[in-house]
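Me: Please take a close look at one part of this model. I would like a single helix and its surroundings, worked through in order.

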Amino acid sequence: MNSDVFKSWFTSMLRSLEETSVIVMDNASYHSTLIDDFPKSNTRKTNVQNWLTKKKNNNFSPLKLLPELRMRVKALIPFEKKYELDKLALEIGHEVIRLPPYHYQYNLIELIWAQVKYQIAKNNTTFKIVDIERLTNEALDSVTQQDWEKCVRHAEALQDQNNEKEIMSDSVLEPIIMTFLPDDSDWESSDDEENSECN
């Protein structure tokens, strides 16, 4: 799979939806093409210079080092990333909601896919590709609305548990406040000073 193939499929899928829909998207690289892409950390210096020039940020010396150019790029990256597929869906009248990165446990598709794989493995006795294809189609066809609803409840319960843990950790961990006075740099004090402070 790559971004061009997925975009083509996604566009035709969006056009076939009869009602306004919300599409839940994970963070696979081919789902996440930015509208305004920027140079990555492994981009060559000439490509970084070309990108900066296109951004009308070309008042730099050709002798500038790559780390300095990367700092300029970083300053031009918007805080909120805008994705090509999100814009495409919005233009057709749909909305894309993205799952938080690195939180696969909230992804309903992962839960359903695990159910499908389990059913295939349980019924696979021949290990022939023809039978696996048949079992895959049967397993996908057997997924019900109740299965999806169960996965939604499971993901919501996980989110609630994680939110409670976050609240608990915030209440248990109190902030540590240290106040430094101007004379705190001198940690060693004489016995006389200590005695005078105690009196």
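The part in question is helix α4, residues 84-92. Which residues of α4 are buried, and what covers them?

Reply: This is a predicted model. The account below starts with the helix itself, then moves to its partners and on to other parts of the chain.

Take the buried side first. Leu85, Asp86, Leu88 and Ala89 are the buried residues in α4. They lie on the same side of the helix, because they span an arc of only 165 degrees around its axis. A general point helps here. An α-helix has 3.6 residues a turn, so residues three or four places apart point the same way. The opposite face is another matter. Leu90 and Glu91 are exposed there, on the face of α4 turned away from its buried side.

Now the cover. The elements over the buried residues of α4 include α1, β1 (22-25) and β2. Two of these deserve a longer look.

Start with α1, residues 3-16. Its axis runs 10 Å from that of α4, and the two helices pack at an angle of about 20 degrees. Angles under 35 degrees count as roughly parallel, so α1 is roughly parallel to α4. The crossing of α1 past α4 is right-handed. From α1, the contact draws on Phe6, Lys7, Phe10, Thr11, Leu14 and Arg15. From α4, it draws on Glu84, Leu85, Leu88, Ala89 and Ile92. By class, the residues of this contact are 7 nonpolar, 1 polar and 3 charged. Leu85, Leu88 and Ala89 of α4 thus appear twice: they are buried, and they meet α1.

Next, the end of the helix. Glycine 93 comes just after α4 and has a positive phi of about 110 degrees. Strand β2 covers residues 95-98, and glutamate 95 is found in it. Glutamate 95 is partly exposed, at a relative accessible area of 42%. Beyond its neighbours within four places in sequence, glutamate 95 touches Ser21, Val22 and Ile23. Glutamate 95 also lies 8.1 Å from threonine 20, C-alpha to C-alpha, although 75 residues separate them in sequence.

Follow the chain past β2. The loop between β2 and α5 (108-123) holds tyrosine 102. Tyrosine 102 is not a glycine, yet its phi is positive, about 65 degrees. Its relative accessibility is 80%, so tyrosine 102 counts as exposed. A similar entry follows in the loop between α5 and α6 (129-141), where phenylalanine 127 is found. Phenylalanine 127 has a positive phi of about 60 degrees, again without being a glycine. Phenylalanine 127 is exposed, with a relative accessible area of 65%.

For a second helix pair, turn to α2 (residues 45-54) and α3 (residues 66-76). Their axes are 10 Å apart, and the packing angle is about 35 degrees. The crossing of α2 past α3 is left-handed. Lys45, Val48, Gln49, Trp51 and Leu52 of α2 make this contact with Leu66, Leu69, Arg72, Val73 and Leu76 of α3. Here the residues divide into 7 nonpolar, 1 polar and 2 charged.

To return to the request: the buried residues of α4 are Leu85, Asp86, Leu88 and Ala89, and their cover includes α1, β1 and β2.

How values were computed. Residues numbered from 1 in each chain as written. Predicted model: local features only at pLDDT ≥ 70, side-chain atom pairs only at ≥ 80, totals over all residues. Heavy atoms only, no water. Axes fitted to C-alpha atoms, helices over the stretch in contact; angles between N-to-C directions. Helix = DSSP H or I, 4+ residues; strand = E, 2+ residues; numbered from the N terminus. Parallel < 35°, antiparallel > 145°, perpendicular 65-115°, else oblique. Left-handed = near helix turned anticlockwise from the far one by under 90°. Contact = heavy atoms within 4.5 Å. Nonpolar A, V, L, I, M, F, W, Y, C, P; charged D, E, K, R; others polar. Buried < 20%, exposed > 50% of the residue type's maximum accessible area, 1.4 Å probe, protein only. Arc of directions from axis to C-beta.
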